[in-house]
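Q: I am new to this one, so could you take me closely through how its sheets are built and what lies against them? A friendly walk is fine.

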Amino acid sequence: MDVVTTVAELRKRVSTARMLGLSIGVVPTMGAFHEGHLELMRRARAECGYVVVTLFVNPTQFGANEDLSRYPRDLEADTAGAASTGADLLFAPPVEEVYPPGSRTWVTVEGLTSGLCGASRPTHFRGVTTVVAKLFNMAQPDRAYFGEKDYQQLRVIRQMTRDLDFPVHIVPCAIVREPDGLAMSSRNRYLDAGQRQAGLALRRGLVAAQNAFLAGERGSERLRLAALAVIADEPAVRLDYLELVDADDLTPVSAVEAPALLAGAIYVGTTRLIDNLVLTP
Ligand code: AMP
């Protein structure tokens, strides 16, 4: 696997692959790889002729008081991890390569970005859509791989891709979990043993609501309360949000009559964790 840090080198590798008739797959990441990332890469490997993994801790998607400066970085381990999946290229640019001084352009998706994570992270999604649009222009992939753990992000990127006519097929990938159900996340590295245990409350809450749904409950408030009761039982957890929304347009629903997303975010100490599941009637 090659490692490159400039857009020019990336473009050269990709155009050679294209000349050879290979399809291009891209897996955008912020590094600190875990099995969730590696599954995206393996899927890309299985479906594409040339696989580009991008590793960029994108400053524009972090709010002023968020964890940009302490976000886990481990290029050596990440290079080995990406290589182990058979990826062809790791693109790990420095910040100035992606945002040269004087950058002024944002890509924003309206509506879908105001609720859920967007409510507590108001500038997050414009950072995500801006960097993903740039990565699409840099790598010009045929397919791009995103995890359903960041369900809202996936939905927003699909919208952007459609609205801006990027010729990219967006491939959703299932959430990869630890054996006890905790959704894998680079931010899990921040948790000590007690916090990690407490962090499970979100998943347990979501599953409690899912069980109520499977037992026939359709009302949003009752489903939310089933989850909230479990989460409230864990004193080390502070709730950011827990919402039941239409799985397509992400607006709140009062009852589950079509596929609905139950999504939540919690703080354990200063670490913010997210998780979700889809309820399909
Ligand atoms: P990140 O490095 O956190 O920005 O994530 C890069 C990509 O990996 C995004 O598309 C995420 O949705 C995806 N991802 C992160 N964690 C998981 C997970 N536990 N399961 C599946 N995909 C994941």
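A: Let's start with a pair of strands: strand 7 and strand 8 (residues 260-268) run antiparallel and are joined by nine bridges. Strands here are DSSP runs of E with at least two residues, helices are runs of H or I with at least four, and both are numbered from the N terminus. Two strands count as paired when DSSP finds at least two bridges between them. One of these bridges links L244 with L262 of strand 8.

Before going further, a word on what you are looking at. This is a predicted model, in which local features need pLDDT of at least 70 and side-chain atom pairs count only at pLDDT 80 or more, while totals for chains, interfaces and linings use all residues. Residues are numbered from 1 along each chain as its sequence is written, and side-chain values use heavy atoms, with hydrogens and water left out.

Back to our pair, which belongs to an open sheet of three strands, ordered 7-8-9 with antiparallel pairing. Strand 7 (237-246) and strand 9 (271-279) are the edges; each has a single partner strand, so one side of each lacks a neighbour in the sheet. From one strand to the next, the twist averages 15°, with axes being lines fitted to C-alpha atoms (for helices, over the stretch in contact) and angles running from 0 to 180 degrees between N-to-C directions.

Two helices lie across this sheet. Helix 8 (residues 193-214) crosses strand 7, strand 8 and strand 9, at about 20° to strand 9; contact here means heavy atoms within 4.5 Å. Helix 9 (residues 220-232) also lies across strand 7, strand 8 and strand 9, and runs at about 160° to strand 7.

Now for the other sheet. This open sheet has six strands in the order 1-4-3-2-5-6, with parallel pairing. Its edges are strand 1 (2-4) and strand 6 (169-173), each with a single partner strand, so one side of each is left without a neighbour in the sheet. Direction ignored, neighbouring strands of this sheet are turned by 25° against each other on average. Inside it, strand 3 (residues 50-55) and strand 4 (residues 89-91) run parallel and are joined by three bridges, and T54 has F91 of strand 4 as its bridge partner.

This sheet, too, has helices lying across its strands. Helix 2 (residues 35-47) lies across strand 2 (24-29), strand 3, strand 5 (143-147) and strand 6, at about 155° to strand 5. Helix 3 (residues 75-84) lies across strand 1, strand 3 and strand 4, running at about 160° to strand 3.

Helices also meet one another. The axes of helix 1 (residues 7-19) and helix 6 (residues 124-139) come within 8 Å and cross at roughly 50°. On the helix 1 side, V7, L10, R11 and V14 make the contact, and on the helix 6 side N137, M138 and A139 do.

Finally, look at the ligand. Of the 17 residues that surround it, the closest are M30, H37, D150, V176 and M184, where being near means having a heavy atom within 4 Å. A polar side-chain atom of D150 lies 2.6 Å from an oxygen atom of the ligand.

Definitions and conventions:
Polar contact = N/O pair within 3.5 Å; in protein donor to acceptor, adjacent residues only side chain to side chain.
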